[in-house]
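Please open the model in your viewer with the sequence panel beside it, and keep a selection tool at hand. The stops below say what to select next and what is to be found there.

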Amino acid sequence: MKFDKNEFAKTLGDRVREVRKYRGFTIEELATDAEMESRHLGRIEYGNINTSVFHIYRLCYSLNVNLGELFGAIPLQPNKTKKDSPPN
């Protein structure tokens, strides 16, 4: 099974949106609290970009979740063998 960075970005974005709505934030409110532009947050939620670790940290802080809770919805990949290529 090949690790797909686009699918990862989409799954992460879906999870951010899910938690944002559960916490009662609009995109604009969360973006302001996380100190990022709302357009950037929208691109994260739709899986259009792979964002920085710093932005993920800011989102976790603003949403009051830890990384494990945010990434918990992302399926684990099987262990790679030596012949598998690294993710792009």
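Begin by selecting Lys10, which is partly exposed because its relative accessible area is 38%, where buried means under 20% relative accessible area, exposed over 50% and partly exposed in between, with a 1.4 Å probe and protein chains only. Before going further, note that this is a predicted model, in which local features need pLDDT of at least 70 and side-chain atom pairs count only at pLDDT 80 or more, while totals for chains, interfaces and linings use all residues. Residues are numbered from 1 along each chain as its sequence is written, and side-chain values use heavy atoms, with hydrogens and water left out.

**The first helix and its charged pair**

Add Asp14 to the selection: Lys10 forms a salt bridge with Asp14, and the closest N and O atoms are 2.8 Å apart. A salt bridge here is a side-chain nitrogen of Lys or Arg within 4 Å of a carboxyl oxygen of Asp or Glu. Lys10 and Asp14 are separated by about one helical turn because they are four residues apart in helix α1, and Asp14, at 30% relative accessibility, counts as partly exposed.

Now select residues 5-23, which make up helix α1; helices are DSSP runs of H or I with at least four residues, strands are runs of E with at least two, and both are numbered from the N terminus. At 1.5 Å a residue the 19 residues of α1 should span 27 Å, and the end C-alpha atoms are 27 Å apart, which agrees; the expected span is 1.5 Å times one less than the number of residues. Just after α1 comes Gly24, whose phi is positive, near 85°.

**The whole chain**

Zoom out to the full chain, which has five helices and zero strands. Of its 88 residues, 33% are buried. Contacts, meaning heavy atoms within 4.5 Å, can be sorted by sequence separation: among those with a separation of 6 or more, 65% are between residues 24 or more positions apart. The accessible surface comes to about 6,300 Å², with 53% of this belonging to carbon and sulfur atoms, as computed by the Shrake-Rupley method with a 1.4 Å probe.

**Inward from α1**

Which helices do the buried residues of α1 pack against? They pack against α2 (27-33), α3 (38-45), α4 and α5 (67-71), and among these buried residues are Leu12, Val16 and Arg17.

Select Val16 and show its surroundings: leaving out residues up to four places away in sequence, Val16 touches Leu41, Glu45, Leu59, Leu63 and Leu70. Val16 is also listed with Met36, Leu41, Leu59, Val65 and Leu70 as having the most contacts inside the largest nonpolar core, which has 15 residues. Such a core is a set of buried Ala, Val, Leu, Ile, Met, Phe, Trp, Tyr and Cys residues joined through side-chain atoms within 4.5 Å. Two or more residues of this core come from each of α1, α2, α3 and α4, and α4 gives the largest share, four residues. In soluble globular proteins, nonpolar side chains tend to be buried together.

**Salt bridges between distant parts**

Select Arg17 and Glu45 next, whose side chains meet in a salt bridge (3.5 Å, N to O). This pair links distant parts of the chain, with Arg17 in helix α1 and Glu45 in helix α3, 28 residues apart, and both Arg17 and Glu45 are buried. Adding Lys10, Asp14 and Arg20 to these two completes a network of salt bridges; the whole structure holds six salt bridges.

Then move to Arg58 and Glu35, a salt bridge with its closest N and O atoms 3.8 Å apart. Here Arg58 in helix α4 is linked to Glu35 in the loop between α2 and α3, 23 residues apart. Arg58 is buried, with a relative accessible area of 12%, whereas Glu35 counts as exposed at 63%.

**Two views of α4**

Is Ser62, in helix α4, buried or exposed? At 9% relative accessibility, Ser62 counts as buried, and, leaving aside neighbours within four places in sequence, Ser62 is in contact with Phe25, Leu30, Asp33 and Ala34.

Finish by selecting Tyr57, which lies in helix α4 (residues 53-63) and counts as partly exposed at 46% relative accessibility. Together with Phe54 and Tyr61, Tyr57 forms a nonpolar surface patch with about 400 Å² of accessible area. Patches are made of residues with over 30% relative accessible area and no salt bridge, like charges being joined within 9 Å and nonpolar side chains (Val, Leu, Ile, Met, Phe, Trp, Tyr) within 5 Å.
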